[in-house]
Amino acid sequence: MKKHIRPKIFITNDDGYNSHGITVLIEELKKIGDVLCIAPASEQSGMSHAITFSKPLKMECMHQEDGFSLYKLNGTPVDCVKMGLDKFYKEQNPDLIVSGINHGSNATICAVYSGTVAAAREGAINNIPSIAFSSLDFSSSANYTPWKPYINTICSQVLQKGIPSGVFLNVNFPVQTNSKGMRVCKQAEGVWVEEFERRVDPHKREYFWLTGQFNNFTPNDSNTDEWLLANNYVSIVPLRVENTDNETIQSVSFLNS
C-alpha cells in the first residue's frame, strides 16, 4: 500500500512563538499536515515587511515531536519565513505558509503595517500558497475555538485548489464568535487617523503613546472587509504581491525620457 504523504505546513506570526493565537493555529493544522513553526521570540506587531540586518539571528528549538517542530527566532515575522525556507525547505518549498492567529484586526489598510500579513506576503513572493489569519478580539485569552473549522476549511481548500501565483489571502475573524459565515471580498478604503497622546512619566519626562481611529471611506459598501466584519462575517481578501498601477503607466508617460 502506498504511504499517504501529509502536506508540509509552515507556521509563523508576529505575536510571538508562545502566543495563544499561534497555539490554536498549530493545534488545528497538525490535524491536516506536518507542521514546522518558526515564530518570533518576542512580539513583533507592526513590523510589516521588516528584515534584520543590525544583529545576528539566533534560532532555538522549543519543542519537537513526530510531525511537528517549534522554533523561536530573535527576528521579525519575515525573518522567520526566510529562515524557514533557507534552513528547512531548501530542496522543496512547503505546501502552505500560514501566519497568525493575530490578536487584533488586520483588515483594510492595517494589512500594510502588519507583520502577520507580511509573513504571508513573503510566502507569496516565493510562489508558495500563503494565508494570514487575524481576529478582531485583542484579548490574549480570546476564544478562538469557533474559528477552528474555518481555519481547517480555508487551509484544506487552498491545499487542494491552490492560489494564483503572487496572490495570498488575508483572513479576519469578527469579535462575535457566532459568525454568519465567510465571504471573499475587497479591502475597505480608509485611513487610520493617528494621534500621539502626550504623557508624563514619574520622573516628569514627556513621552507619547500612539492612539487613533480608523476613518472608513466606504462605510456602506457591503463587499468590504470592514462591513462584513461589523456584520459578523469572516472576511477573506485576496491580496497581490505585484502592485503596479497599470492604468497610470500611460497617464504619466510624460516622464519618459
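The residues that line the second largest pocket divide into six nonpolar, three polar and four charged. That is our way into this structure, which is a predicted model. The second largest pocket has a volume of about 300 Å³. Its lining is made up of 13 residues, and those closest to its centre are Leu239, Arg240, Val241, Glu242 and Asn243. Helix 3 and strand 11 (234–240) are the elements that give two or more residues to the lining of the second largest pocket.

From there, let us move to the largest pocket. About 840 Å³ of space lies in it. Its lining counts 31 residues, with Ser105, Asn106, Cys110, Phe138 and Trp192 nearest the centre. By class, this lining has 11 nonpolar, 15 polar and five charged residues. If you would like to trace the walls, look at strand 5 (96–103), helix 3 (110–113), strand 9 (190–200), strand 10 (206–216) and helix 6 (225–230), since each supplies at least two residues of the lining of the largest pocket. Strand 10 gives the most, with four residues.

Now turn to the nonpolar interior. In soluble globular proteins, nonpolar side chains tend to be buried together. Here the largest nonpolar core has 34 residues, and Ile11, Leu29, Val98, Ile131, Phe133, Cys155 and Val171 touch the most other members. A second, separate core of 13 residues includes Met83, Leu85, Ala119 and Ile128. Back in the largest core, Ile11 is a good place to pause: leaving aside residues up to four places away in sequence, Ile11 touches Ile22, Leu25, Ile26, Leu29, Val35, Leu36, Cys37, Ile38 and Val98.

Several of those partners, among them Ile22, Leu25, Ile26 and Leu29, appear again when you follow helix 1. Seven of the 10 residues of helix 1 are buried, so the rest of the structure largely encloses this helix. The buried ones are Gly21, Ile22, Val24, Leu25, Ile26, Glu28 and Leu29. They pack against strand 1, strand 2, strand 4, strand 5, strand 6 and helix 5.

Helix 2 (residues 77–87) can be read in a similar way: eight of its 11 residues are buried, so helix 2 is largely enclosed by the rest of the structure. Those buried residues are Pro77, Val78, Asp79, Cys80, Val81, Met83, Gly84 and Leu85. Their cover includes strand 1, strand 2 (34–40), strand 3 (59–65), strand 4 (68–73), strand 5 and helix 4 (115–125). Met83 and Leu85 are also among the members of the second core.

Just before helix 1, the polar residue Asn13 deserves a look. Asn13 sits in the loop between strand 1 (8–12) and helix 1 (20–29). Asn13 counts as buried because its relative accessibility is 0%. A polar atom of the Asn13 side chain lies 2.8 Å from the backbone oxygen of Gly16, and a polar contact of 3.1 Å joins the side chains of Asn13 and Ser19. Leaving aside residues up to four places away in sequence, Asn13 touches Ser19, Ile22, Ala39, Pro40, Pro77, Ser99 and Gly100.

Gly100, one of those contacts, leads on to a point of backbone geometry. Most residues other than glycine have a negative phi, and most peptide bonds are trans. The peptide bond from Gly100 to Ile101, however, is cis, with omega near -15 degrees. Ile101 belongs to strand 5.

Where does phi take a positive value in a residue other than glycine? One place is Asn127, with phi near 60 degrees. Asn127 is in the loop between helix 4 and strand 6, and counts as exposed because its relative accessibility is 54%. Another is Lys204, whose phi is positive at about 65 degrees although this residue is not a glycine. Lys204 lies in the loop between strand 9 and strand 10, and is exposed, with a relative accessible area of 72%.

Asp201 is found in the loop between strand 9 and strand 10 as well. Is Asp201 buried or exposed? Asp201 is buried, because its relative accessible area of 18% falls under the 20% cut-off. A polar atom of the Asp201 side chain lies 2.8 Å from the backbone nitrogen of Arg205.

Our last stop is Pro146, in the loop between strand 6 (130–135) and helix 5 (148–161). Pro146 counts as partly exposed, at 24% relative accessibility. Pro146 and Glu28 are 118 residues apart in sequence and 11 Å apart in space, C-alpha to C-alpha. Glu28 is one of the buried residues of helix 1.

Conventions. Residues are numbered from 1 along each chain as its sequence is written. This is a predicted model: local features need pLDDT of at least 70, side-chain atom pairs count only at pLDDT 80 or more; totals for chains, interfaces and linings use all residues. Side-chain values use heavy atoms; hydrogens and water are left out. A nonpolar core is a set of buried Ala, Val, Leu, Ile, Met, Phe, Trp, Tyr and Cys residues joined through side-chain atoms within 4.5 Å. Buried means under 20% relative accessible area, exposed over 50%, partly exposed in between (1.4 Å probe, protein chains only). Contact means heavy atoms within 4.5 Å. On a 1 Å grid over the protein atoms alone, a cavity is a set of points where a 1.4 Å probe fits but cannot get out, and a pocket is an open set with protein on both sides within 12 Å along at least five of seven lines; lining residues have an atom within 4 Å of a point. Grid points are joined across faces, edges and corners, and a volume is the space filled by probe spheres set on the points. Ala, Val, Leu, Ile, Met, Phe, Trp, Tyr, Cys and Pro count as nonpolar, Asp, Glu, Lys and Arg as charged, and the others, Gly among them, as polar. A polar contact is a pair of N or O atoms within 3.5 Å; within protein, one must be able to donate a hydrogen and the other to accept it, and residues adjacent in sequence count only if both atoms are side-chain atoms.
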